[in-house]
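Trainee: Got a minute to go through this one with me? I'd like to start with the cysteines.
Mentor: Sure, pull it up.
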Amino acid sequence: MRFHHYGLEVSNMEESISFYKKYLGFKEESRMFFGDEEIGFLRLGDFRLELFTGIDQTAHICFEVNHLKVVMKRFCDWRKIEGPYELRNGWQSVFYEGPDGEIIEFLQL
């Protein structure tokens, strides 16, 4: 397991991407849609930032895993928020709530 990205909800995708590119030096990596949600990935060196619109979710941290089913089995008695989902690019993800209400995403590429 390794860190994949930190996700932030934004109200205006274009304005947010422009801000992170201009003031912090991020490069746009990709964009996609998942239902009503618009997702943009930005990268700065090894750090990846996910910006998203269209859903009622707060910030989250995401860990990349080799086998999502193994993680889900490990967390079978814990609080799953949503998923698993398969995105159009083939990524699979699931979201859990941490002990203090923090959101943790696990992602299989």
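Mentor: First, the term we need: a disulfide here is a pair of cysteine sulfur atoms within 2.5 Å. And keep in mind that this is a predicted model.
Trainee: OK, so how many disulfides does a search of the whole structure find?
Mentor: Zero, across the whole structure.
Trainee: What about C62, buried or exposed?
Mentor: C62 counts as buried because its relative accessibility is 0%, and the cut-off for buried is under 20%.
Trainee: And C76, buried or exposed?
Mentor: Exposed: C76 comes out at 65% relative accessibility, and exposed means over 50%.
Trainee: Switching topic, where does H60 sit?
Mentor: H60 belongs to strand β5, which covers residues 60-64. H60 is buried too, at a relative accessible area of 3%.
Trainee: Which side chains make a polar contact with the side chain of H60?
Mentor: The H5 side chain does, at 3.2 Å, and so does the E50 side chain, at 2.9 Å.
Trainee: What else is H60 in contact with, leaving aside neighbours within four places in sequence?
Mentor: Besides H5 and E50, there are Y6, G7, F52, F95, I103 and E105.
Trainee: Now the hairpin. How do β6 and β7 run?
Mentor: Antiparallel, with four bridges joining β6 (residues 80-86) to β7 (residues 92-97). One pairing to look at is Y85 with S93, its bridge partner in β7.
Trainee: And what's between the strands of that hairpin?
Mentor: Five residues, and in this hairpin G90 takes a positive phi near 95 degrees.

Key:
Residues are numbered from 1 along each chain as its sequence is written. This is a predicted model: local features need pLDDT of at least 70, side-chain atom pairs count only at pLDDT 80 or more; totals for chains, interfaces and linings use all residues. Side-chain values use heavy atoms; hydrogens and water are left out. Two strands pair if DSSP finds at least two bridges between them. Helices (H or I, at least four residues) and strands (E, at least two) are DSSP runs, numbered from the N terminus. Buried means under 20% relative accessible area, exposed over 50%, partly exposed in between (1.4 Å probe, protein chains only). A polar contact is a pair of N or O atoms within 3.5 Å; within protein, one must be able to donate a hydrogen and the other to accept it, and residues adjacent in sequence count only if both atoms are side-chain atoms. Contact means heavy atoms within 4.5 Å.
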